[in-house]
Amino acid sequence: MKKKIDFCFECYDDVEYEVTEVNKKVKVKDIFLEVKLFEAHCKKCGSLMIVRDLERKNDKIIYDAYKAKKGLMTGKEIVELREKYGLSAVAFAKILGLGEKNVTRYETGAIQTDSVDGYFRMAKNEEEFWKRYKEKRNLLVTKERLQADTKLKEYESLFSPVIVKFDESSVVDDCSFRRKGQVFPNEKRPMVLYRVPLI
């Protein structure tokens, strides 16, 4: 196991440290949060140390707690959503129409605006995301496009075409189909092809 070593300003030397979890009350913008953070203590003198990696980890914990409190998607949720589509942060940003470095920033702790969060929430709707992907896939490099195309085929394979007949006495409306998770066309015709999720 690798030793945890960093610079201690009290000992004025590189020393081993141990990490503990502590409950802290912090304020971010207008909100007070109670979070569990990491602290590093020098094994030699016991004083509190500043360790960059732990500071970055703590920042992410704090900002994700703030996002959750504000109803914004957390960094972890954004990463999981992006990976579901088989895209890098840059490729995901291109499809959503965000700055190329922005997705990485939001994944690692930066707080997105409500409007940017709206793009991420739109991407949670798979049908809407893949529609957008098809429009913008040419913005991606070949490797990214091939990876995402594989995920798109997996998504499309979850549906099976079926024929549904309608007559004038039929009491079926668009909403009842949407509630069942079926993809419904814009207009009704005597014979309509639907994509219905396989069970």
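Here is a walk through the fold, from the overall layout to the packing of its helices.

The model is a predicted one, so let us begin with its broad outline. The protein chain holds eight helices and six strands. Following the sequence, these elements come in the order β-β-β-β-α-α-α-α-α-α-α-β-α-β. Of the 199 residues in the protein chain, 36% count as buried. The protein chain exposes about 13400 Å², and carbon and sulfur atoms supply 51% of that area. If you take the contacts between residues at least 6 apart in sequence, 54% of them join residues at least 24 apart.

A good place to start looking is the hairpin formed by strand 1 and strand 2. Strand 1 covers residues 5-8 and runs antiparallel to strand 2, with four bridges joining the two. One of the residues to look for is Cys8, whose bridge partner in strand 2 is Asp13. Four residues lie between the two strands, and in this turn Tyr12 has a positive phi of about 55°.

Next, move on to helix 1, which takes in residues 52-70. How does its length compare with what its 19 residues should span? At 1.5 Å a residue the expected span is 27 Å, and because the end C-alpha atoms are 27 Å apart, the two values agree. Just after helix 1 comes Gly71, where phi is again positive, near 80°.

Which residues of helix 1 are buried? They are Leu54, Asn58, Ile62, Asp64, Tyr66 and Lys67, a list with polar and charged side chains such as Asn58, Asp64 and Lys67 in it. The cover over these buried residues comes from both strands and helices: it includes strand 2 (13-28) and strand 3 (31-42), along with helix 2 (75-84) and helix 4 (102-107).

The helices that follow bring us to the largest nonpolar core, which has 25 residues. Inside this core, the residues with the most contacts are Leu87, Phe92, Leu96, Val103, Phe120, Phe129 and Tyr133. At least two core residues come from each of helix 2, helix 3 (89-96), helix 4, helix 5 (114-123), helix 6 (126-136) and helix 7 (142-156). Helix 3 gives the largest share, six residues. In soluble globular proteins, nonpolar side chains tend to be buried together.

To see this packing around a single residue, centre your view on Leu96. Leaving aside residues up to four places away in sequence, Leu96 touches Tyr119, Phe120, Met122, Ala123, Phe129 and Arg132. Two of these neighbours, Phe120 and Phe129, are themselves among the core residues with the most contacts.

Methods
Residues numbered from 1 in each chain as written. Predicted model: local features only at pLDDT ≥ 70, side-chain atom pairs only at ≥ 80, totals over all residues. Heavy atoms only, no water. Expected span 1.5 Å × (residues − 1). Buried < 20%, exposed > 50% of the residue type's maximum accessible area, 1.4 Å probe, protein only. Contact = heavy atoms within 4.5 Å. Core = buried A, V, L, I, M, F, W, Y, C linked by side-chain atoms within 4.5 Å. Pairing = 2+ DSSP bridges. Areas by Shrake-Rupley, 256 points an atom, 1.4 Å probe, with all protein chains shown as cover.
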